[in-house]
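These notebook entries record what I looked up in one structure, item by item.

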Amino acid sequence: MTDMCKAIQDMQDEARIIGREEGREEGGLLKLISQVCRKMQKGKNADIIADELEEELDMVEAICRVAIDFAPEYDALAIYNEIQKIL
């Protein structure tokens, strides 16, 4: 019985670790999307944005392609959900 409880606790701990990591990744991408959108609102192109944010051009271009459909509001969460479909 004790081994079973320990195994269940270990699985729960692992699930929490995975959930936290996924949350950090989602938060990081949402932050990047917000930063890219702010720079797009200032009229900057993907090359300049990638350079200024020190991010991969491919990722910035993907965000820009999706974000343009959400202009001028640039809802970061809606953009994130669309990007998840293509990544």
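**Entry 1: helices and a loop.** I first noted what a helix is here: a DSSP run of H or I with at least four residues, numbered from the N terminus. The model I am reading is a predicted one. With that definition I could place Ile68, which sits in the loop between helix H3 (57–67) and H4. I then looked up its surroundings and found Ile68 exposed, with a relative accessible area of 51%. The cut-off for that word is over 50%. I also compared the position of Ile68 with that of Asp10: 58 residues separate the two in sequence, and their C-alpha atoms are 44 Å apart in space.

**Entry 2: the cysteines.** How many disulfides does the count give? The count comes to zero. I recalled that a disulfide is a covalent bond between the sulfur atoms of two cysteines. I therefore checked the distance against the cut-off of 2.5 Å between sulfur atoms. The cysteine sulfur closest to that of Cys37 belongs to Cys64, and at 7.8 Å it is too far for a bond. Looking from the other side, I found that Cys64 has Cys37 as its closest partner, again at 7.8 Å and too far for a bond. I also looked up how covered each residue is. Cys37 is buried, at 3% relative accessibility, and Cys64 is buried as well, at 13%.

**Entry 3: helix H1.** I noted that helix H1 covers residues 2–41 and that Met11 lies in it. Met11 is exposed, because its relative accessibility is 56%. Together with Met4 and Ile8, Met11 makes a nonpolar surface patch of about 320 Å².

I next turned to a charged pair. The side chains of Asp13 and Arg16 form a salt bridge, with 3.0 Å from N to O. Both residues belong to helix H1 and are three residues apart, about one turn of the helix. The spacing made sense to me from a general rule: an α-helix has 3.6 residues a turn, so residues three or four places apart point the same way. Asp13 is partly exposed at 31% relative accessibility, and Arg16 is partly exposed at 40%.

**Entry 4: a link between H1 and H2.** I found a salt bridge between the side chains of Lys39 and Glu52, at 2.9 Å from N to O. This pair links distant parts of the chain, since Lys39 is in helix H1 and Glu52 is in helix H2 (residues 46–53), 13 residues apart. Is Lys39 buried or exposed? Lys39 counts as buried, at 18% relative accessibility, where the cut-off is under 20%. Its partner Glu52 counts as partly exposed, at 38%.

**Entry 5: helix H2.** Which residues of H2 are buried? They are Ala46, Ile49, Ala50 and Leu53. These residues cover an arc of only 100° around the axis, so they are on the same side of H2. I then inspected the two ends. At the start of H2, a side-chain oxygen of Asn45 comes within 3.1 Å of the backbone nitrogen of Asp47. Just after H2, Glu54 has a positive phi of about 55°.

**Entry 6: helix H4.** I listed the buried residues of helix H4 (residues 76–86): Ala76, Ile79, Tyr80 and Ile83. Seen down the axis of H4, these residues fall within an arc of 105°, so they line one face of the helix. Asp75 caps the N-terminal end of H4, with a side-chain oxygen 3.1 Å from the backbone nitrogen of Leu77.

H4 also contains a charged pair. Glu82 forms a salt bridge with Lys85, and the closest N and O atoms are 3.0 Å apart. Both residues lie in helix H4, three residues apart, about one turn of the helix. I found Glu82 partly exposed at 32% relative accessibility, whereas Lys85 is exposed at 62%.

**Entry 7: the wider set of salt bridges.** Salt bridges that share partners join Lys39, Lys44 and Glu52 into one network. How many salt bridges does a search of the whole structure find? I recorded five.

Notes
Residues are numbered from 1 along each chain as its sequence is written. This is a predicted model: local features need pLDDT of at least 70, side-chain atom pairs count only at pLDDT 80 or more; totals for chains, interfaces and linings use all residues. Side-chain values use heavy atoms; hydrogens and water are left out. Buried means under 20% relative accessible area, exposed over 50%, partly exposed in between (1.4 Å probe, protein chains only). Patches are made of residues with over 30% relative accessible area and no salt bridge: like charges are joined within 9 Å, nonpolar side chains (Val, Leu, Ile, Met, Phe, Trp, Tyr) within 5 Å. Accessible areas come from the Shrake-Rupley method with a 1.4 Å probe; for residues, only the protein chains shown count as cover. A salt bridge is a side-chain nitrogen of Lys or Arg within 4 Å of a carboxyl oxygen of Asp or Glu. Helices (H or I, at least four residues) and strands (E, at least two) are DSSP runs, numbered from the N terminus. The arc is that of the directions from the helix axis to the C-beta atoms. A polar contact is a pair of N or O atoms within 3.5 Å; within protein, one must be able to donate a hydrogen and the other to accept it, and residues adjacent in sequence count only if both atoms are side-chain atoms.
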